[in-house]
Amino acid sequence: MSQARRLIMASGSSISSNPMSFKHGLSLWCPQSSPSLHRTLQSSPSSSIGFKTFFRNHVVAASSSSFANENREYVIVGGGNAAGYAARSFVDHGMADGKLCIVTREAYAPYERPALTKAYLFPLDKKPARLPGFHTCVGSGGERQTPDWYKEKGIEMLYEDPVTGIDIEKQTATTISGKLLKYGTLIVATGCSASRFPEKIGGNLPGVHYIRDVADADSLISSLEKAHKLVIVGGGYIGMEVAAAAVAWKLDTTIIFPENHLMQRLFTPSLAQKYEELYQENGVKFIKGASIKNLEASSDGHVAAIKLENGSTIEADTVIIGIGAKPAVGPFERLGLNNSVGGIQVDGQFRTGIPGIFAIGDVAAFPLKMYNRMARVEHVDHARRSAQHCVKSLLTAHTSSYDYLPYFYSRVFEYEGSPRKIWWQFFGDNVGETIQVGNFDPKIATFWIDSGKLKGVLLESGSPEEFQLLPELAKSQPIVDKSKLQSASSVEEALEIARTSLQAAV
């Protein structure tokens, strides 16, 4: 299995084909609608003109209750990136006002979550990001959807009131406050929760942090303001991004991880070495191949050190655990889980096996069409695109399957005064042999080639035009001349060779 497949939690299995499971995926509830109306809507979801006309003439007119009671036509469970972009799509289709309700455990309207491990953590003198600056959909160049935006669009927001249970037969969801919501269509967008260290080894000690939301990040910042020795556990995205932010705080920073190099699920050893050297130049230390036995506390109960299995001890007054995440399936296990990649199993339109219930974003296990396998992708780009595809499929006669191209990126050291900013992008699948071009000053590129085809490409510090080329290459998978790539004297030359191969394939 390729490292990228592990990165996106993918497997070689294919989606279970049960025509009855998704037959009535477009299940609509309408106040005071007749059984014949409901049957008509369910029986012909792919009839373009008839469905759209019927939908506009009957459903819209029938659903102007403005939440006068517990009935909601559309309910989104979860308030993250996917929920924000889904709300935008409902508005674009004219189906939000008085019809859509978003239920979230957070105290904030949906925001661009990647900011939490990047600019949000900068010290005050480095101009950190703060809300409302990064509400969705600014991350993709869209409108900033503040709490007032949701009010103006007629979208009901239930803050700090997560759903704790659903009754599939009665089409109701219950929140932690006891509120009962009757839904016509339910969209699960609960995302992931941080993987945690067990309490018995110190996972909940004061000074130990996990990052998934604004409250987590605020708590970490309070610790960073007083910290001297910071230890980050995990050499993936969170480890790299938080360590880069910690450099701006001028802290004694150490990253500990069990793998042989940073970002082992994606980076090659030689590529990882380039980034590790850059971090070391900024004072960050690495302890690789290490297993943690427990976290130790001082006399006041605050974390004081990390003890490794080899007996050594690393002092720390602040610890950040970044060891991955798990899908927040919560009360939704009855919808059908995927045992290979985790999460709620859906089809190419994000329909679960239960009529009228969908799942999007990090929590959804969906068919990765171009690679013919199931996947669960923990990335903001997928959260945005899956939300848009799901809502479009729900509200129109759109029936095409989601065709996602895996995409990952990171931007670090972007604080004011940083001598070197890092921004890399990866598209495709990291399978096959690799060819690395460039010396990292500032550019470097890695190409993955399998059976002569270009399967994936990673580029550091590319120009806008060069970054735009990457998805074209990964999508088309052109036949490339390996010897030409290997002999390329620069990243620019290598990309031109790949571009030429792309044009030849057309």
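1. Of the chain's 506 residues, 56% count as buried. The model is a predicted one. Its accessible surface comes to about 20800 Å², and carbon and sulfur atoms hold 48% of that area.

2. The secondary structure consists of 12 helices and 25 strands. Among contacts in the chain with a separation of 6 or more, 64% are between residues 24 or more positions apart.

3. On the nonpolar interior: the largest core has 87 residues, and F90, I155 and F447 have the most contacts inside it. Setting aside residues up to four places away in sequence, I155 touches A87, V91, A96, L100, I102, W149 and Y150. A second core, separate from that one, has 52 residues; L121, F134, L224 and A246 are among them.

4. One open sheet has three strands in the order β17-β19-β20, and its pairing is mixed. The edges are β17 (344–345) and β20 (373–375), each of which pairs on one side only. β17 runs parallel to β19 (residues 364–368), and two bridges join them. Within this pair, I344 of the chain stands opposite A364 in β19.

5. Where does Y404 sit? Y404 is found in the loop between α9 (380–395) and β21. Is Y404 buried or exposed? With a relative accessible area of 2%, Y404 falls under the 20% cut-off and therefore counts as buried.

6. The surroundings of Y404 deserve a look. Beyond its neighbours within four places in sequence, Y404 is in contact with F366, L368, M370, V377, D381, H382 and R385. R385 lies 19 residues from Y404 in sequence, with a C-alpha to C-alpha separation of 8.3 Å.

7. Two of the contacts of Y404 can be described at the atom level. The side chains of Y404 and D381 are joined by a polar contact of 2.8 Å. The Y404 side chain also reaches the backbone nitrogen of H382, at 3.5 Å.

8. The loop that holds Y404 leads to β21. Strand β21 (residues 407–412) is mostly covered, as five of its six residues are buried. β21 pairs with β22 (residues 422–428) in the antiparallel sense, over six bridges. Which residue of β22 is the bridge partner of F408? The partner is F426.

9. A general reminder for reading these sheets: strands pair through backbone hydrogen bonds, in either the parallel or the antiparallel sense. Here, β17 and β19 are a parallel case, whereas β21 and β22 are an antiparallel one.

Conventions: Residues numbered from 1 in each chain as written. Predicted model: local features only at pLDDT ≥ 70, side-chain atom pairs only at ≥ 80, totals over all residues. Heavy atoms only, no water. Buried < 20%, exposed > 50% of the residue type's maximum accessible area, 1.4 Å probe, protein only. Helix = DSSP H or I, 4+ residues; strand = E, 2+ residues; numbered from the N terminus. Pairing = 2+ DSSP bridges. Core = buried A, V, L, I, M, F, W, Y, C linked by side-chain atoms within 4.5 Å. Contact = heavy atoms within 4.5 Å. Areas by Shrake-Rupley, 256 points an atom, 1.4 Å probe, with all protein chains shown as cover. Polar contact = N/O pair within 3.5 Å; in protein donor to acceptor, adjacent residues only side chain to side chain.
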